[in-house]
Amino acid sequence: MLQLKDVDKYFADRRLFAAIDWLIRPTDRIGLCGANGAGKSTLLKLLAGQVEADGGSVQVAKGTTFGYLPQEGLVHQGRSLFAETHSALAHLQQMEKEIRRLESSFSATTMSSQMEDYARLQHEFEERGGYLMEAEVGRVLGGLGFAAEDFDKPCEHFSGGWQMRIALAKLLLQRPNLLLLDEPTNHLDLPARDWLEEYLQAYPYAVVLVSHDRFFLDQVVTRIVEIWNGTLTEYPGSYSHYIQARDERIAVLKATKQQQDDEIARIEAFINRFRYQANKAAQVQSRVKQLEKVERISLPPERKKISFSFPSPPKGGRIAVSLNGASQHYGPLRVLENIDLDILQGERVALIGPNGAGKSTLMRLLAGVESPVSGTREEGHNLVQAYFAQDQATILDPMRTVYTELMADAPVAMVPRLRNILGSFLFSGDDIEKPVRVLSGGERNRLALAKLLLRPANLLLLDEPTNHLDLQSKEVLLDSLKKYKGTIVFVSHDRYFVDALATRVIAVGAGTIDSYPGNYADFLAARQQSGDHTFSAKRVEQQSRHDTESGVPDDKAERLRAHAERKEEQRREQRRLRELKNLEDTIEQSEKELDLLEKTMTQSDIYQDQEEWRRISRAHLQLKQSLDDMYLSWEQLQES
């Protein structure tokens, strides 16, 4: 379908891709992974034809159509939401116009050939879903979170995140042969992500995507392509399988490189030892050539990791914070009505619901940032809270440096630890002197999270803490929150993050809340049992299967087998090294004996005793033959 051959790509003087070869097949579903700046977005643009390769070729099968969704920057205006989205089906609209034209031109004298054209066109229109296109537009818009009352709104009334949903809806309706999606879940809430997962699972053509949502990758892709150091490495299976396979591959690569380094050191030692001995010239030259042919193994650099732990929280009461009959209105908009909610000490509560349902409003009420128009908020005994707002990164002072921004809110006792805290969040060296205004979205979020460590708190209120964080940073944040001993209330649209962290799920919507014990999978199962089919049973079965697979009898057995194989390989290598060492010691001793015999043979009086001369000659010949055999064995051990 599409093939890259020896493709090079440069960014300024940096080589992003080095002679890469890659084949995309017609039904592939591929996830691109790699560190920030590795070239994931550039590769998508190259596939979409938006940037050109600096070397090599991109070969595309005839009839291939492309659909590319960038991370941001698309704006739609001048039409209503429905009309704009419907325009993606322009080919069907044109076909419909032609059918209507033919119908209006029919008469008693209409030729049979015109009737055949009409029948053929009508059949093709039906095959392509032309009679259902309005319903399909409504289905896709509804799946991506648009309400029916939004359909007639002008597109310019929608914010940036909703603009990207419009662009995604148009792409899905066009159904290109190759769908290229750069962070498609960035602006989607959980219900929309769930819908998109199912849509892409059933998509009949190729999909290549970049996402920082681990669960989304696990559900959608069947192959991971890792970008590192200008090369592409493919891993079959989901993202979870890729993580395991990559770690095993790196472990094997490290062991192999260590063996290679040891062998190179031994060869170089042989060369240095015998470089100036004429009778070893052939062996030395052989090893020099052997060294020249060695393809040196290079290891991927160790990924820098955020590493931190939240300060031990002060003790609090059984109830951390509660709302009693709380309502919140904004003019005529009634977001929350008569909410009763107790957050218990030690809970990890996830607030979920579609965008605009009131999750952030509920979070602000719990934090005391807003007062309810009616009802009360009550704090538990000795409550000390830390609140991370959805726009926390935007309220950082852009004129300060990273260090001065952190220091501005730091207690005096914490000042000596500020550099350590920043280092834990990957700000080191000159990075701490960067102005806040030049930081990326992910860097701003990391700095805002670092500020939470300045004071111990027993209640963390986190509204979208994972925004702009890559997969690895999310994983470290998740591990740190799991170890935190206090209470957590959080909003996240990352399904894996919610599943792994939550002990209770609160669904927010239509002005009310519903509480469900357990994580997101438990919430889905409970909704299904209660007759709510907003989410398909298929998704619950998929989650159950996903949990079973990652839980692991088969994976554990596979890991044990791989471990046993590695141990056996290590034992074989240790035996080889011992044999090699013993052989080298024997060679060295034999060479000394041979040297002594040759010196004896140069003495003139040795020729006077013919019997002694024959004995020494036989010993010299036997020792030389033995040494030749040992040299051959040494070569074979080196090659093995």
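1. Two strands are said to pair if DSSP finds at least two bridges between them. On that footing, strand 10 and strand 13 of this predicted model are paired, for they are joined in the antiparallel sense over 5 bridges. One of the residue pairs that may be looked up here is Asn324, whose bridge partner in strand 13 is Thr376.

2. The pairing just described belongs to an open sheet of 3 strands, in which the order is 11-10-13 and the pairing antiparallel. Strand 11 (333-344) and strand 13 (374-379) are the edge strands, and because each has a single partner strand, one side of each is left without a neighbour in the sheet. Averaged over this sheet, and with direction ignored, neighbouring strands are turned by 15° against each other.

3. On its other pairing, strand 10 (residues 319-330) runs antiparallel to strand 11, and 8 bridges join them. Ile319 is set opposite Leu344 of strand 11, while His329 has Arg334 of strand 11 as its bridge partner. The two strands make a hairpin that leaves 2 residues between them, and in its turn Gly331 has a positive phi of about 65°.

4. A hairpin is also formed by strand 8 and strand 9, again with 2 residues between the strands, and here Asn229 is the residue that takes a positive phi, near 55°. Strand 8 (residues 223-228) and strand 9 (residues 231-236) run antiparallel and are joined by 6 bridges; within this pairing, Ile227 stands opposite Leu232 of strand 9.

5. A reader new to the structure may next turn to the open sheet built from 6 strands, whose order is 14-15-16-12-17-18 and whose pairing is mixed. Its edges are strand 14 (385-388) and strand 18 (512-517), each of which pairs on one side only. For this sheet, the average turn of neighbouring strands against each other is 15°, direction ignored. Inside the order, strand 12 (residues 348-352) and strand 16 (residues 487-491) run parallel and are linked by 4 bridges, with Val349 opposite Val489 of strand 16.

6. Where does Gly31 lie, and is Gly31 buried or exposed? Gly31 is part of strand 3 (residues 29-33), and because its relative accessible area is 0%, Gly31 is buried. Once its neighbours within four places in sequence are left aside, Gly31 is in contact with Leu209, Leu217, Val221, Arg223, Ile224 and Val225. From Gly31 to Met630 there are 599 residues in sequence, and the separation in space, C-alpha to C-alpha, is 53 Å.

7. Asp189 sits in a loop, namely the one between strand 6 (178-182) and helix 7 (190-201). Its relative accessibility is 2%, and because buried means under 20%, Asp189 counts as buried. The side chain of Asp189 reaches the backbone nitrogen of Ala192 at 3.1 Å. Apart from neighbours within four places in sequence, the residues in contact with Asp189 are Arg165, Gly353, Pro354, Asn355 and His493.

8. Helix 11 (residues 359-367) is mostly covered, since 8 of its 9 residues are buried. The buried residues are Lys359, Ser360, Thr361, Leu362, Met363, Leu365, Leu366 and Ala367. Just after the helix comes Gly368, which takes a positive phi of about 80°.

9. The last point concerns a pair of helices. Two packed helices are described by the angle between their axes and by the distance between those axes. For helix 9 (residues 239-274) and helix 10 (residues 281-293), the axes come within 9 Å and cross at roughly 145°, and the crossing in which helix 9 passes helix 10 is left-handed. On the side of helix 9, the contact is made by Ile264, Ile267, Glu268, Phe270, Ile271 and Phe274, and on the side of helix 10 by Gln283, Val284, Arg287, Val288, Gln290 and Leu291. Sorted by kind, the residues of this contact are 8 nonpolar, 2 polar and 2 charged.

Key:
Residues are numbered from 1 along each chain as its sequence is written. This is a predicted model: local features need pLDDT of at least 70, side-chain atom pairs count only at pLDDT 80 or more; totals for chains, interfaces and linings use all residues. Side-chain values use heavy atoms; hydrogens and water are left out. Axes are lines fitted to C-alpha atoms, for helices over the stretch in contact, and angles run from 0 to 180 degrees between N-to-C directions. A crossing is left-handed if the near helix is turned anticlockwise from the far one by less than a right angle, and right-handed if clockwise. Contact means heavy atoms within 4.5 Å. Ala, Val, Leu, Ile, Met, Phe, Trp, Tyr, Cys and Pro count as nonpolar, Asp, Glu, Lys and Arg as charged, and the others, Gly among them, as polar. Buried means under 20% relative accessible area, exposed over 50%, partly exposed in between (1.4 Å probe, protein chains only). A polar contact is a pair of N or O atoms within 3.5 Å; within protein, one must be able to donate a hydrogen and the other to accept it, and residues adjacent in sequence count only if both atoms are side-chain atoms.
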